[in-house]
Amino acid sequence: MLLLLITFIAGILTVLAPCVLPLLPVIVGGSLTSDDNDKKRPYIIAGSLMASIIVFTLVLKVSTALINLPPSVLTDFSGGLVIALGLASLFPSQWEELLGRLGWQAAAQRFLGSSQNNASEYVGPVLIGVALGPVFSTCSPTYAFILASVLPRSFGSGFIYLISYCIGIGVSLLAAVILGKRIIKKANWVIDTHGPFRRICGGIFVLIGIVIITGRLLPAEIWVANHLPFSETRLEQRLLNSQVTNKRITSTETSTQDSSLFNVPGKILAPELTGLTSWENSQPLKLADLKGKVVLVDFWTYSCVNCLRAIPYVEKWYETYKDKGFVVIGVHTPEFAFEHLPDNVASAVKAHRLTYPIAQDNDYGTWNAFGNNSWPADYLIDREGNVRDVHLGEGDYDKSERSIQALLGTKTPLKTPAAAVPFNRNQTPETYLGSERAANFVGSPGLADGSATYQPATKLEVNNWTLGGNWQQAAQNITSGESTSTLTFHTRAKDVYVVASSPNNQPQSVGVQLAGGQNSYGKDVSNGQMTVAESRLYHVVYGKAFSESTVTLTVPSGVSLYAFTFGG
């Protein structure tokens, strides 16, 4: 329910985004006519815009998933339509003549039930809404979250959130248009379709359309957002992070929210550990035997970059408070097949020098018992066995340690002060390569299970990736079929990571080339070569600053790639 409210608020805030504000005068102008009693146009623009965003989103998901249509085709169409509307304002007489020849005037009359003269007045507002749907969509991190994270997992939930987002946009746009009309409706020079104001608006539309087609809209928005003292999208990202990236539930909230967290409505007692195997640093433990101690259950998996950034803090808490009645249980719940292997987990535990008890949850028994849905996730349990604090995602380490101290009855200087989560709202989202969750691929042929020889795309928009050479695709990964196979990714981030593996952990060298940005090689790359052996997360790019760059991997035969993750 909270995420539903956030999506609605995000829609409202989108109208204040740097890439939308320049459009408002044009939209307001498009809602004005010489007929002071005509109140339909603002609603037509808002309704068309909402419908356009929904249709654009669904077409984008279907086209990229089924017919391998590059997302740029849809944005190019939007930009072309915006340019056409601009030209219509610049040359109104020619526009009216074209409407008559194409029969759009009569079609609008039938659709809107208007008089013949008024029908043509509504074609423009409809086209404005249709054209600007993709533009509005690019201005919100919440929209990006719905598109990349929610829709692939649950179409029903994602569609509901999308509707909520669109309603927020529609409400705020309608309010802006109606207010704007009241302010300037007496200005005849604004209403005049052949006047200089409309022609200026037409010129602005043409420029915006060119910016959309050339792909410069998002970079311009990023520059503005990063140089303004306040940005509505920063507020939106804080709201989104509070629900998705960085969620905390305290003991006062648990009694009303625990049914969604633990699947045990009406109780706050922590569920028992279930199905854990292959214990490291300890004999098998049960929560029932730990009454009288404060317990932190930490869900993680060793190829998750968010988890790897969080576990040093967990280790520090364990070292600091273990003699005061504090126990940490690391529940390793795998995401990829290779993370089920006990030897791989044991190697990761040793590599990261973790000393607290860790067990494998390969069948998701404890994960499901807690109703968990995030990596990493921390559930803090008091001496009586009740869950008192829940934190999903990275960050808030100082608050977590304060909660531990409160339950232990001790107060000392913090060992883990507040730390910023390395996340930027504009960064490339986590991208999976296997057929189960692959997204943002462009190239020929389209992705499908089995072996194929790919022709890489000649142009990559930001967040898109492409393949060259022979690849074998499976549900969770893609595997190179020849020594010259390539993967190229146009990223926007500070750091780039890839989850990779080699057959039988035999070392193989992957070539790494970087283009653009101010980035350099990550810690796992030396002289343009990355040695892939054990199955794990590899640091490909170290960013000196947040920027765009194009990363090309030349992958030898047999090496598998699973997912890319990013840091701000």
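A residue is called buried here when its relative accessible area is under 20%. By that criterion, 53% of the 568 residues of the chain are buried in this predicted model. The accessible surface of the chain amounts to about 24700 Å², and carbon and sulfur atoms contribute 58% of that area. The chain contains 18 helices and 21 strands. Among the contacts with a separation of 6 or more, 73% link residues that lie 24 or more positions apart.

Confidence varies along the chain. The average pLDDT is 75, and 64% of the residues score at least 70. Two segments fall under 50 throughout: residues 105-120, for which the model has 18 contacts beyond four places in sequence, and residues 222-234, for which it has 23 such contacts.

Helix H18 covers residues 397-408, 12 residues in total. The distance from its first C-alpha to its last is 17 Å, close to the 16 Å expected at 1.5 Å a residue. Its buried residues are Tyr397, Ser400, Glu401, Ser403, Ile404, Gln405, Leu407 and Leu408. As background to such a pattern, an α-helix has 3.6 residues a turn, so residues three or four places apart point the same way. After H18 comes Gly409, with a positive phi near 75°.

Aromatic side chains offer a second route through the model. The structure holds 18 aromatic pairs. In one of them, the ring centres of Tyr321 and Phe326 are 6.4 Å apart and the planes meet at 90°; the pair is therefore edge-to-face. Tyr321 is buried, its relative accessible area being 0%, and Phe326 is buried as well, at 2%. A single aromatic cluster is formed by Phe299, Tyr364, Trp367, Phe370, Trp375 and Tyr379.

One member of that cluster, Trp375, also takes part in a cis peptide bond, which joins it to Pro376 with an omega of about -15°. Pro376 lies in the loop between helix H17 (365-369) and strand S6 (377-381). Another cis peptide bond runs from Ser444 to Pro445, where omega is near -5°. Pro445 is located in the loop that connects strand S9 (443-444) with strand S10 (450-456).

The loop that precedes S9 holds a further backbone feature. Asn440, placed between strand S8 (431-432) and S9, has a phi near 65°, a positive value in a residue other than glycine. With a relative accessibility of 24%, Asn440 counts as partly exposed, because that class begins where the buried range, under 20%, ends. Beyond S10, the loop leading to strand S11 (465-473) contains Asn463. Asn463 likewise is not a glycine and has a positive phi, of about 80°. Its relative accessible area is 18%, so Asn463 is buried.

Finally, two arginine side chains are positioned over tyrosine rings. The charged end of Arg437 sits over the ring of Tyr432, at 3.7 Å from the ring centre. The charged end of Arg536 is placed over the ring of Tyr538, with 3.9 Å to its centre.

Notes:
Residues are numbered from 1 along each chain as its sequence is written. Side-chain values use heavy atoms; hydrogens and water are left out. pLDDT is the predictor's confidence in each residue, from 0 to 100. Contact means heavy atoms within 4.5 Å. Helices (H or I, at least four residues) and strands (E, at least two) are DSSP runs, numbered from the N terminus. The expected span of a helix is 1.5 Å times one less than its number of residues. Buried means under 20% relative accessible area, exposed over 50%, partly exposed in between (1.4 Å probe, protein chains only). Accessible areas come from the Shrake-Rupley method with a 1.4 Å probe; for residues, only the protein chains shown count as cover. Rings of Phe, Tyr and Trp (its six-membered ring) pair if their centres lie within 6.5 Å; planes under 30 degrees apart count as stacked, over 60 as edge-to-face and the rest as tilted. A charge sits over a ring if NZ of Lys or CZ of Arg is within 6 Å of the ring centre and within 35 degrees of the ring normal.
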